[in-house]
Amino acid sequence: YVARSNATPYFLVPAGATWRSIASTLYGVDSDAAGQALQTAVGNPTLTTGLRLVSAPTTLTVTPPVPTYYVVKAGDSWVSITQALYGTSNAAAVTALQSVVGNPTLATGVWLVTPSTLSYTVSP
């Protein structure tokens with residue numbers, strides 16, 4: 001966010017921006033689902049260069065097409081699994097996933113029952 005003189009936060013849309021790229025910038029989630037969630041959350045304005053998004057939420061709930069389970073592969077980490085499932089490697093998302101699945105030790109072949117949504121807050 002960029003602060004206005006009256007301290008109301010906004011995001012200034014750059015040239016060539018898409019809802020996906022804005023969601024990636026603001027929330028660290030690079031997916032079409034995140035872009036669609038943000039577009040809906042701010043009331044679906046037409047993106048134009050210089051548009052000020054003043055109503056972007058502090059949290060964004062994204063519902064990507066997530067499988068009901070994930071089988072851990074060799075070399076997987078919590079970061080790589082969170083990226084694969086939710087399109088982000090944000091530390092808050094990683095922590096949220098670990099918590100919701102009970103933080104088991106990762107080993108090849110372990111099945112993780114994954115939530116279809118993952119809620120977390122990104123610090124500005």
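**Helix H3, a buried aspartate and the nonpolar core**

The buried residues of helix H3 pack against three elements, namely strand S4 (69–71), helix H4 (91–100) and strand S5 (111–113), in a model that, as the reader should keep in mind, is predicted. Helix H3 itself covers residues 78–86, and the residues buried in it are Trp78, Ile81, Thr82, Leu85 and Tyr86. Seen down the axis of H3, these buried residues fall within an arc of 100°, so they line one face of the helix. Just after H3 comes Gly87, whose phi is positive, at about 75°.

On the other side of the helix in sequence, the loop between S4 and H3 holds Asp76, a residue that is buried and yet has no salt bridge. The nearest side chain of opposite charge is that of Lys73, which is 4.4 Å away, whereas a salt bridge requires a side-chain nitrogen of Lys or Arg within 4 Å of a carboxyl oxygen. What Asp76 does have is polar company: a polar atom of its side chain lies 2.8 Å from the backbone nitrogen of Lys73, and a polar contact of 3.4 Å joins the side chain of Asp76 to that of Ser80. Leaving aside residues up to four places away in sequence, Asp76 also touches Tyr70, Val71, Ile81 and Leu106; of these, Ile81 is one of the buried residues of H3.

The structure does hold one salt bridge, and it is formed by Asp32 and Arg20, with the closest N and O atoms 3.2 Å apart. This pair links distant parts of the chain, twelve residues apart, since Asp32 belongs to helix H2 (residues 32–41) and Arg20 to helix H1 (residues 19–27). Both partners are partly exposed, Asp32 with a relative accessible area of 48% and Arg20 with one of 33%.

From this charged pair we can turn to the nonpolar interior. The largest nonpolar core has 32 residues, and those with the most contacts inside it are Ile22, Leu38 and Leu97. The elements that give two or more residues to this core are H1, H2, H3 and H4, and H1 gives the most, with five residues. The surroundings of Leu38 can be listed in full: not counting residues up to four places away in sequence, Leu38 touches Trp19, Ile22, Ala23, Leu26 and Tyr27, together with Ala56, Pro57 and Leu60. Among these neighbours of Leu38 is Ile22, itself one of the residues with the most contacts inside the core.

Conventions: Residues numbered from 1 in each chain as written. Predicted model: local features only at pLDDT ≥ 70, side-chain atom pairs only at ≥ 80, totals over all residues. Heavy atoms only, no water. Buried < 20%, exposed > 50% of the residue type's maximum accessible area, 1.4 Å probe, protein only. Helix = DSSP H or I, 4+ residues; strand = E, 2+ residues; numbered from the N terminus. Arc of directions from axis to C-beta. Contact = heavy atoms within 4.5 Å. Lys, Arg positive; Asp, Glu negative; His and termini not counted. Polar contact = N/O pair within 3.5 Å; in protein donor to acceptor, adjacent residues only side chain to side chain. Core = buried A, V, L, I, M, F, W, Y, C linked by side-chain atoms within 4.5 Å.
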